[in-house]
Structure formats: structure tokens, C-alpha cells
Amino acid sequence: MDVSNKKLISCIVEGMQEVKAKSIKIVDMSSLEAPCPFFVICEGTSNTHVMSIGISIKDWVREHISQKPLSSEGYENAEWVVLDYGQVVVHVFRHETREFYDIEHLWADAEITEITDII
């Protein structure tokens with residue numbers, strides 16, 4: 001993982017942890033044929049929590065490394081918010097939505113790193 005991706009992923013995780021996102025995982029797909037090299041996935045406990053996690057990530061990354069997502073989707077219903085940073089795509093799910101789509105399972109042969117929840 002190059003330094004810029006590592007720094008971006010670190011900032012994304014910090015933005016998630018700032019508002020107590022749950023079950024954070026970093027999916028390294030750089031050795032696979034994948035749409036992008038990295039996913040960072042987490043979940044919130046409610047639609048409001050999912051929305052606040054997405055906002056926290058955008059603000060944290062912009063404030064700390066002056067980077068904005070290329071696009072973002074999902075704030076309307078806040079079941080699944082996606083932030084596209086090019087090399088890194090962030091997925092913020094409601095728990096039920098995450099289980100339904102199970103994107104970690106789709107990329108099960110990728111290297112997956114779990115981040116311990118902040119209590």
C-alpha cells in the first residue's frame with residue numbers, strides 16, 4: 001500500500017471512529033481484479049448514525065488531508081452511504097443492509113483487516 005492510500009485510509013477510519021462507527025473493515029483488493037484497490041466498510045446503528053458517519057468521514061478527511069470524495073451517494077435514505085475517493089471507496093451501512101449485500105463475502109479472497117470498535 002502506498003503512502004497516500006495509507007494516509008487516506010487512516011483518515012477515513014479516524015473519521016468513522018470519531019462518531020463510533022461499528023465493525024470497521026479495510027478490504028485490500030489491490031492484488032485482485034477489482035473496481036478499486038481498497039474498500040473501507042463500517043456500519044451505523046440507525047439511519048441518522050449512518051448519515052453522521054458519512055458526514056464525519058467527509059469532514060475529517062477534508063480537514064486533515066484536504067481531500068474531497070469524487071462522489072457520494074445514499075444520504076437520501078441513509079441505509080447505505082458510499083464515498084468514492086478514487087483508490088478507496090467507503091461503504092457505510094445500516095447493519096441489516098450490510099448483512100443483505102454482504103460485500104465482504106464477495107471479496108473474501110482479498111486481505112481483510114478488522115479494526116477494533118471504540119467503546
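**Cysteines, strands and cores in a predicted model**

Modeller: A search of the whole structure turns up zero disulfides, a disulfide being a pair of cysteine sulfur atoms within 2.5 Å. This is a predicted model, in which local features need pLDDT of at least 70 and side-chain atom pairs count only at pLDDT 80 or more, while totals for chains, interfaces and linings use all residues. Residues are numbered from 1 along each chain as its sequence is written, and side-chain values use heavy atoms, with hydrogens and water left out.

Colleague: Why is Cys36 not in a bond?

Modeller: Because the closest cysteine sulfur, in Cys42, is 15 Å from the sulfur of Cys36, which is too far for a bond. Cys42 is likewise in no disulfide, and the cysteine sulfur nearest to it, that of Cys11, is 15 Å away.

Colleague: And is Cys42 buried or exposed?

Modeller: Cys42 is buried, with a relative accessible area of 0%, where buried means under 20% relative accessible area, exposed over 50%, and partly exposed in between (1.4 Å probe, protein chains only). Cys36 counts as buried too, at 6% relative accessibility.

Colleague: Switching topic, which way do the side chains of strand S4 point?

Modeller: They alternate along residues 80-84, with Val81 and Leu83 pointing to one face and buried, whereas Trp80, Val82 and Asp84 point to the other and are not buried. Strands (E, at least two residues) and helices (H or I, at least four) are DSSP runs, numbered from the N terminus.

Colleague: What does S4 pair with?

Modeller: S4 runs antiparallel to strand S3 (residues 71-73), joined to it by three bridges, and pairs in the antiparallel sense with strand S5 (residues 88-94) over five bridges; two strands pair if DSSP finds at least two bridges between them. On the S3 side, Glu73 has Val82 as its bridge partner in S4, while Trp80 stands opposite Phe93 in S5.

Colleague: What about the turn between S4 and S5?

Modeller: The two strands form a hairpin with three residues between them, and Gly86 in the turn has a positive phi of about 85°.

Colleague: Which residues touch the most others in the largest nonpolar core?

Modeller: Ile12, Met16, Val40, Ile57 and Tyr85 do, out of 25 residues in that core, a core being a set of buried Ala, Val, Leu, Ile, Met, Phe, Trp, Tyr and Cys residues joined through side-chain atoms within 4.5 Å. Helix H1 gives the most to this core, with six residues.

Colleague: How many residues are in the second core?

Modeller: That separate core has 10 residues, among them Phe39, Phe93, Trp107 and Ala110.
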